[in-house]
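These are my notebook entries from a first reading of this structure. I wrote down each thing I looked up, in the order in which I turned to it.

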Amino acid sequence: MASIEMERKNDASPLGAITAAMKRIGISPLGLVLLVVVALLPLIPPFNQEHMVRWLIMGAFLAAQAIAFDFTAGYINVVNFGFAALLGLGAYTSAILANKSPVLMVQPGLSPWIGIWIGAIVAGLVGLGLGWLTLRLRGIFAAVMAWFVGIALMGLVRNLTPLTRGPLGMNPSSLLNTTANLPYYYIILIMMLAVYVSLRLVTESHYGLAFKAIGQNLDAARASGINPTRYRVFNFALSSLFAGWLGGFYAHYYGSLTPQTLMHTSKTVEVLALVYIGGRGSMWGGMFIAFPFVFFIEYLRSNLTELPGLHLVIYGLLMVLVMILYPDGLAGLYNWAVEKIKGLGNSG
Amino acid sequence: MKEQSSLGSTLVKKLTGNLAATIVVGTTLVLAVVIGVEGGPSQVINSIVTGGMWALLAVGLALVFGVMNVPHFAHGESFMVGAYVAYFVFNPIHTSLKENPNTFLGVTAPFLAMLAAAVAGLILGVILERLLFYPLRLKTKSGWVMNAFLLTVGISFILTNGTTLTLGPNFRGIPRYWDVPPLQVGSVRVAVDRIIAFFIAIISIVALWFFLRQTRTGRAIRAVSQDELGAQMMGINLNFIYPLTFALATAMAALSGASLLFMFQAYPTVGLKPLYFAWYVVMLAGLGNVVGAIVGGFIVAVLQSATQLFTFTVTVLGHEFQIGGIAWEDVIPTFVMIIVLLVVPSGIFGSEVKGVQEQ
């Protein structure tokens, strides 16, 4: 998962050609090994128990969110504070389109496989509008306005009861005709990889350069002929699109949707904490850390039931500590270690 | 009073010659009259009381943003801390008063609770600033606003969940501070608690105004908000101004949490709604604009009452959708904000922070 500078001398061999191709989509050899491990994990005891597979699914789901979130937070330095709500918008759109039961107002009965994409597009369009409205202003406007839109979306879901059943929640149909968790795990893993690779391709293109320039020094970027607003809006909309897409998976995997558990601001903060602890602007940092984190959190939750919310306090403390003491996060630590090792090799 | 007239004249100056402000304030006044006719004068008095509190909260938010460039997201948690402190100070006194009544203590105990909350806010503010914002300032080279914002998000997350962890999620509230019958104002009966809460808000705002205008330290705070580097060159110590500003804002939020304990109660997530409305006020009035935040507080309170009061139903495909009512309180502000951002991005009274446009 890590994209580190590879030695150029390998390029001639076929192995070198493959690593070069992998590098273009942001996967280093070490990253590839980790990916394979993560993919095989649910086949190996003790991870093959159903509840463990569910944790893995949760991990991959959070990892994918972290990538999409970091795409805006790490690259154009704008925090999409309505991320969870946009995810929920995608989930609800897909769930309503797939509805067949007469409890709700409409029964389109669309296949979830199509609905997920429509949910993604709806979330992307809302992100586009929101970005167009706020991203010509300072970044804090976008963050606060996204928060407002997020709260409004949650309020709408709660209030439009004939469409969403409000706080009672919806029970959308499942994506697959099975009760096993394993197929879902591979679906979300593929989705996670798709998010990573497509966003990597964007950041490796001239768009990525523009994002970096905007994130670092807006005036200099503008002087170089970059239209910051256009790039920022594109970035924001793309991230929202992926949020909606992942929301569709949530809806049709868990089969239960309530505004509070999905769209609340604290859900955005959880992803945000992951991204910061993993290393902002690295894309892989949050993805990497999501898996061990879910296991750690779920372990705490199931073993310390007399201390509700302890895992959330740890989330917050870790995030604040990382921000103040080591703003580069895990990815920064990794890069530093790689530099050190290289330095040792050169001198010796 | 000199300071009050200068506050008034600044308000007048803000309102005249500003089309957007005139339109919004005019509409609000009309709306207030309509609310008075439809919902009775008690509704109007309610909005004024709420408006005072939103103003007090928003002033703190505007001050912190103006002086420290921190978009404060943990302001609601200061409100929460204030509510808890007031509860834990007031409740034991109140229980002991039941056994041996004491009129003097009965009258002063609520003020004692509020004072304790304000002092707790001051201390919390200084601790947070020294412990978290100071090291962050040393670490941050660029993108301070966004980093500070995220830090406050983290603080809010820790305080909310930490409170749940230690005190539990249950509500701790009091029915009223003063066991006296409501006051008769014309044909309307208003609870004494509300009137006192309103006056506490107004007195605090005027006192802050006086402090910022008339004292040396207050002028130093305003100097920092205008030009940090210039202020430093004039010998102003930022390591004194920043903790002071943050402590003042936190204390004001804690004070409003304490004085509204009878309305909101104390529970871990009580701060979310006040935070939301304070941000609404600040965005509407203009980021960092302290005077604008005072007027904005009342505008938002009137809009809020209007949202609660006017409901209508829309029928689509045989299903009834109710629009308006208290459940729409979260939805309407977003639409208002969208219009504001489209027409006057720097807020109706103009932002006093350098550059609303990204630079």
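In which helix of chain A does Leu274(A) lie? I found Leu274(A) in helix α13 of chain A, which covers residues 265-278. I note here that I am working from a predicted model, and I keep that in mind for every entry below.

**Entry on Leu274(A).** I looked up how enclosed this residue is: 27 other C-beta atoms lie within 10 Å, and a count of 20 or more makes a residue buried, so Leu274(A) is buried. Leaving aside residues up to four places away in sequence, I listed what Leu274(A) touches, and the list has Leu62(A), Ala66(A), Gly286(A), Ile289(A), Ala290(A) and Phe293(A). I also checked Ala152(A), which is 122 residues away along the chain, and the C-alpha atoms of Leu274(A) and Ala152(A) are 25 Å apart.

**Entry on Met283(A).** Staying in chain A, I went to the loop between α13 and α14 (284-303), where I found Met283(A). Its phi is near 70°, which is a positive value in a residue other than glycine. Met283(A) counts as buried because 28 C-beta neighbours lie inside 10 Å.

**Entry on α11(A).** I next took helix α11 of chain A, residues 228-254, whose 27 residues reach 39 Å from the first C-alpha to the last, close to the 39 Å expected at 1.5 Å a residue. Of those 27 residues 23 are buried, so I recorded α11(A) as largely enclosed by the rest of the structure. The residue that follows α11(A) is Gly255(A), and I noted that its phi is positive, near 70°.

**Entry on the contact between the chains.** I then turned to where the two chains meet, and the contact takes 43 residues from chain A and 42 residues from chain B. On the side of chain B that touches chain A, I noted that α5 (103-139), α6 (144-167), α12, β4 (319-324) and α14 each supply at least two residues. The element that gives the most to this side is α6(B), with 15 residues. By class, I found 29 nonpolar, 10 polar and 3 charged residues on this side of chain B.

**Entry on α14(B).** Which residues of α14(B) are buried? I found Pro333(B), Thr334(B), Met337(B), Val340(B) and Leu341(B) to be buried. They cover an arc of only 120° around the axis, which puts them on the same side of α14(B). The face turned away from that buried side carries the exposed residues Phe335(B), Ile339(B), Leu342(B) and Val343(B). I looked up what the buried residues pack against, and found α5 (112-134) and α6 (139-159) of chain A together with α12 (272-285) of chain B.

**Entry on α6(A) with α14(B).** I followed one of these pairs further: α6(A) and α14(B) pack at an angle of about 145°, with their axes 9 Å apart, and their crossing is left-handed. In this contact Met145(A), Phe148(A), Val149(A) and Ala152(A) of α6(A) meet Pro333(B), Thr334(B), Met337(B) and Leu341(B) of α14(B). I sorted the residues of this contact by class, which gave 7 nonpolar, 1 polar and no charged residues.

**Entry on Asn69(B).** Last, I looked at the loop between α3 (41-68) and α4 (75-99) of chain B, where Asn69(B) lies. Its phi is near 60°, a positive value in a residue other than glycine. With 18 other C-beta atoms within 10 Å, I recorded Asn69(B) as partly exposed.

Technical notes:
Residues numbered from 1 in each chain as written. Chains lettered and ligands numbered in written order. Predicted model: local features only at pLDDT ≥ 70, side-chain atom pairs only at ≥ 80, totals over all residues. Buried ≥ 20, exposed ≤ 12 C-beta atoms within 10 Å, placed from the backbone. Helix = DSSP H or I, 4+ residues; strand = E, 2+ residues; numbered from the N terminus. Arc of directions from axis to C-beta. Contact = placed C-beta atoms within 7 Å. Axes fitted to C-alpha atoms, helices over the stretch in contact; angles between N-to-C directions. Left-handed = near helix turned anticlockwise from the far one by under 90°. Nonpolar A, V, L, I, M, F, W, Y, C, P; charged D, E, K, R; others polar. Expected span 1.5 Å × (residues − 1).
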